[in-house]
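Reader: I keep meeting terms such as buried, paired and cavity in descriptions of proteins, and I would like to see how each of them is justified. Could we go through them on one example?

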Protein chains: 2
Amino acid sequence: MTYPRYTPLIESLPASVPFVGPEEQERQRGAPFAARLGANENLFGPSPHALAAIRAEAENVWKYGDPTSHDLRAALADHMGVALENVLVGEGIDGLLGNLVRLLIGTGDAVVTSDGAYPTFNYHVTGFGGALHKVPYRDDHEDLPALVARAHEVGAKLIYFANPDNPMGTWVPGADVTAALDTLPDGCILCLDEAYVEFAPEGTAADIAPDDPRVIRMRTFSKAYGMAGARIGYAVGAAALIKSFDKIRNHFGMNRMAQVGALAALHDTGWLAHVQAEVRRSRDSIAQVAKENGLSALPSATNFVTVDCGCDGAYARRVLAGLVARGVFVRMPFVAPQDRCIRISCGRAEEMEVLAKTLPEALRDADQTG
Amino acid sequence: MTYPRYTPLIESLPASVPFVGPEEQERQRGAPFAARLGANENLFGPSPHALAAIRAEAENVWKYGDPTSHDLRAALADHMGVALENVLVGEGIDGLLGNLVRLLIGTGDAVVTSDGAYPTFNYHVTGFGGALHKVPYRDDHEDLPALVARAHEVGAKLIYFANPDNPMGTWVPGADVTAALDTLPDGCILCLDEAYVEFAPEGTAADIAPDDPRVIRMRTFSKAYGMAGARIGYAVGAAALIKSFDKIRNHFGMNRMAQVGALAALHDTGWLAHVQAEVRRSRDSIAQVAKENGLSALPSATNFVTVDCGCDGAYARRVLAGLVARGVFVRMPFVAPQDRCIRISCGRAEEMEVLAKTLPEALRDADQTG
């Protein structure tokens, strides 16, 4: 017998994937982390109104969620200054990216991204047989003009660009993104991932006409709104593109409590401002701790700070291992030369204390074992 | 400009989809439904322990869910008498079906299902370019021998079979399913959808060795466990097949509250027994109401009853419209000759009263407008 008979594309995909969660690491080390600072989760949590809405909606969990997420979409359309048909709600940006790639990318179709940018996007492109073309970062920034130039060279149908960027935390003015749209190859769509934009300076969000067919922007309730575990993101783009997701998406895929929680979170602008202030404070704390230990922190427009360990990837990996062994869950950029850095999510005073205590020890170990 | 540049497969897919939720119908009619009996949701709700677990976990919604759903999977492995690596947790059976089809079915690959069976499975097969081959129901049952025979004829890689069946509510003994595995074409996988099996008589669940590569079974917390809005289902199958989902699935796709809620629900066997008893009672109520109105109810092993309106599809559609117009949300099988029926989910005494009051009026209308 020949089981299972996968498609040739599936046969070609790698069996191992890099998605190891902190819970798996905790099981392996036999102890919980003291500070969970590795997944850019929002340790200041969701709006109390969102929490209350989730808890109140729990008793309706016997009902499927509205497959159109109508009420949330209407509020998001208002929030973004677009029409209802320009907004799609989905199971986090990860889920939306998967569907976007599936709509546009078939075997051999060219896609451009930065070398070291969001691995889940690459996972989807590879998963649908696309050909990934990677452009180096420049001065720790994603290089938008170079991405567009490469797209022209390879005839790309899709470019991925995050602003602000993960894993580096850097950003470009939104006006640069808007201007870049006019330079795209004909028919090429820019996937603009704005997952962290609520943490960025004024002017980072691009100014885009609601029905501009050249760009689709992705946003989320996982970061500034503190609801990563709810799995709820949204895409904003031209009505035709947004509607095409209906051909393939999991229509009844939305969690009902997530829908109402996100709606409540969106309306609680006071809590968002509170989180933004706490994140600024924590960014300063991380930068201060880094400086006290002779390291430099990159400027950040996100809820994490990328810290330059000042040496090569091997050294940074030792620092990372030392932190993880001491109960601090952090991650790092995968690709040289950014892998000289480690990436630390913002946290509360208690996590910052753990970090301040642990980093010197991790650095001492890294120096000694080098 | 040529936007968007979809793949040829996406271009070929229908733009309209049949997934209209009750909320959309409520918006269109300008009033809420008095009885929500159309989606086979569980109106008796989830275990109070599950509700408590969901509410307690809400404060952790800032964390992503465990991408391996480890604790829930371990409990499910125990529940099913298999090993951890035989179980995958996913975003409802709908999400799991999509990934299963993506693993196995490429352009033109043959898939066999019953004509009128679960439309979401067909949606996924079409969405990945598969060729659907449909076998008629026989005596309102899915015809497993005929499905297998067709699979031999067309060289199918995948057969879909639900036991109990949706939309008819009928079932076959699990032993028939087990025996059918030996008759499958070489390399053909049976997707055994047991979404409703907790409502079925003893012996309906098939007896399958944990690592049998010829079958993958799907189960859910949406039906007997009353958590449709949480979006959580699971697949049980050979370890190699289960592991292959890791190549493509949305690893961080699970809602964290759904994970803990499902775990608590699974352990509350007392609540499950309560729901099963209530569903039996409601099935009898629906059958009684049907009989009082001169209609016949099909025997059901699910939490819905399919009622034969005794005429053709046009007549049943008029009955359906009459019920919907009077605030009773129900649905019907799409395909003749099953479309002579309407499908009514089990409900509490109050929904049964609404049904008893409304059905005679809907029938009177249907008779008069025919």
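Author: The turns below take the terms one at a time and set each against its definition. Please keep in mind that this is a predicted model.

Reader: What makes strand E7 (residues 215–220) of chain A largely enclosed by the rest of the structure?

Author: A residue is called buried when its relative accessible area is under 20%. Six of the six residues of E7(A) are buried, and therefore the strand is described as largely enclosed by the rest of the structure. The side chains of A:Val215, A:Arg217 and A:Arg219 point one way, those of A:Ile216, A:Met218 and A:Thr220 point the other way, and all are buried.

Reader: How do you know that strand E5 (residues 158–162) of chain A is mostly covered?

Author: The same cut-off of under 20% applies, and five of the five residues of E5(A) are buried. On one side of E5(A) we find A:Leu158, A:Tyr160 and A:Ala162, on the other A:Ile159 and A:Phe161, and all are buried.

Reader: Why are E5(A) and strand E6 (residues 189–193) of chain A called paired?

Author: Two strands count as paired if at least two bridges are found between them. Five bridges join E5(A) to E6(A), and the two strands run parallel, so the condition for pairing is met. As one example of strands meeting, A:Phe161 stands opposite A:Leu192 in E6(A). Between these two strands the chain passes through helix H8 (residues 174–181) of chain A, and this β-α-β crossover is right-handed.

Reader: How many bridges join strand E3 (residues 110–114) of chain A to E5(A)?

Author: Two bridges join them, and the strands run parallel; since at least two are required, E3(A) and E5(A) count as paired. Here A:Val112 stands opposite A:Ile159 in E5(A).

Reader: Which strands pair with E7(A), and in which sense, parallel or antiparallel?

Author: E6(A) and E7(A) pair in the parallel sense over four bridges, and A:Leu192 has A:Arg217 as its bridge partner in E7(A). With strand E8 (residues 233–237) of chain A, E7(A) pairs in the antiparallel sense over five bridges, and A:Ile216 stands opposite A:Gly237 in E8(A).

Reader: How do you know that there are cavities, and how many are there of 30 Å³ or more?

Author: Rolling a probe the size of a water molecule over the atoms shows where empty space is left. The structure holds five cavities of 30 Å³ or more, and the largest has a volume of about 420 Å³. Among the 21 residues that line the largest cavity, the closest to its centre are A:Gly95, A:Asn99, A:Asn250, B:Asn99 and B:Asn250. Helix H5 (92–104) of chain A and helix H5 (92–104) of chain B are the elements that give two or more residues to this lining, and the largest share, five residues, comes from H5(B).

Reader: What classes of residue make up the lining of the largest cavity?

Author: The lining of the largest cavity divides into four nonpolar, ten polar and seven charged residues. For the second largest cavity, which encloses about 80 Å³, the lining has four nonpolar, four polar and four charged residues. Residues lining the second largest cavity include A:Glu91, A:Arg231, B:Glu91 and B:Arg231.

Reader: Where does UniProt place a domain in chain A?

Author: The unreviewed UniProt entry places the feature "domain: Aminotransferase class I/classII large" at residues 37–358 of chain A. In the model, this span is 39% helix and 15% strand, and its end C-alpha atoms lie 13 Å apart.

Terms used: Residues numbered from 1 in each chain as written. Chains lettered and ligands numbered in written order. Predicted model: local features only at pLDDT ≥ 70, side-chain atom pairs only at ≥ 80, totals over all residues. Heavy atoms only, no water. Buried < 20%, exposed > 50% of the residue type's maximum accessible area, 1.4 Å probe, protein only. Right-handed = clockwise from strand over helix to strand, strands pointing away. 1 Å grid on protein atoms, 1.4 Å probe; cavity = no way out; pocket = protein on both sides within 12 Å on 5 of 7 lines; lining within 4 Å. Points joined across faces, edges and corners; volume = space filled by probe spheres on them. Nonpolar A, V, L, I, M, F, W, Y, C, P; charged D, E, K, R; others polar. UniProt positions renumbered as here; feature names shortened; annotations may be inferred.
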